[in-house]
Amino acid sequence: MAFISNKGNKNLDPYNKKTINEIYQHAKKIGIETKPFDIFAYIRNIPEIDYWEDYFDNDISGKIEYKLSGIYQIVVNKYHSLSRRRFTLAHEFAHFVLHKEFLKQGNKLEDIILFRSSNDAGNKKELEANQFAADLLMPKEVFETEIRKGNNKINGLADFFQVSSAAIKYRAFKLGYLKEY
Ligand SMILES: [Zn+2]
């Protein structure tokens, strides 16, 4: 299936663009692969994050929790595919970046990551985390360059960015390439 053309970019994208750019600059500086973004290696370089994988029920994608030691624990479901674990880790990292204060108040976040449509009155933090994860793993400029180069099939883009086809559809929708998903 080819994408329909970009009919009026809704520009829902770049509210956290500055942060994403800073992360990319930081990643390049410390020698981390960014095409596609090596989220596992990047997380290993953040001293406040302790990351591991564990076996959860299939509907649980991952969790993040603040510990009084000052460490944020992120656990991702080991049963899930690499592409899903990449997105889940990026999503939990988004909570670390965007929702630190909420976590510090003792709130744990346990995630069932589904890609909801933008008009869903979903939890704001979850929508923000999905948007951030999508920005991080599929930067707008790179996504658009790939499409211009003719890499405009969902499977091809999923291979390129190493994310699920659901994540590609979500991103394409957010950037105005798909009317719905
Ligand atoms: Zn979440």
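**Notebook: strand β2 and the α7/α8 contact**

I began with strand β2 and found that 5 bridges join it to strand β3 (residues 72-77), the two running antiparallel; strands pair when DSSP finds at least two bridges between them, and a strand is a DSSP run of E with at least two residues, a helix one of H or I with at least four, each numbered from the N terminus.

Before going on, I noted that this is a predicted model, in which local features need pLDDT of at least 70 and side-chain atom pairs count only at pLDDT 80 or more, while totals for chains, interfaces and linings use all residues. Residues are numbered from 1 along each chain as its sequence is written.

Looking at how β2 and β3 connect, I saw a hairpin with 5 residues between the strands, where Gly70 in the turn has a positive phi of about 95°. I also looked up Glu65, which stands opposite Gln73 in β3.

I then turned to strand β4 (residues 109-111), which 3 bridges join to β2, again antiparallel; here Lys63 stands opposite Glu110.

Last, I looked at helices α7 (residues 154-161) and α8 (residues 165-174), which pack at an angle of about 105° with their axes 9 Å apart; axes are lines fitted to C-alpha atoms, for helices over the stretch in contact, and angles run from 0 to 180 degrees between N-to-C directions. The two helices are therefore roughly perpendicular to each other, a term for angles of 65 to 115 degrees. I listed Ile154, Asn155, Leu157 and Ala158 of α7 and Ser165, Ile168 and Lys169 of α8 as making the contact, which requires C-beta atoms, placed from the backbone, within 7 Å.

How values were computed. Parallel < 35°, antiparallel > 145°, perpendicular 65-115°, else oblique. Contact = placed C-beta atoms within 7 Å.
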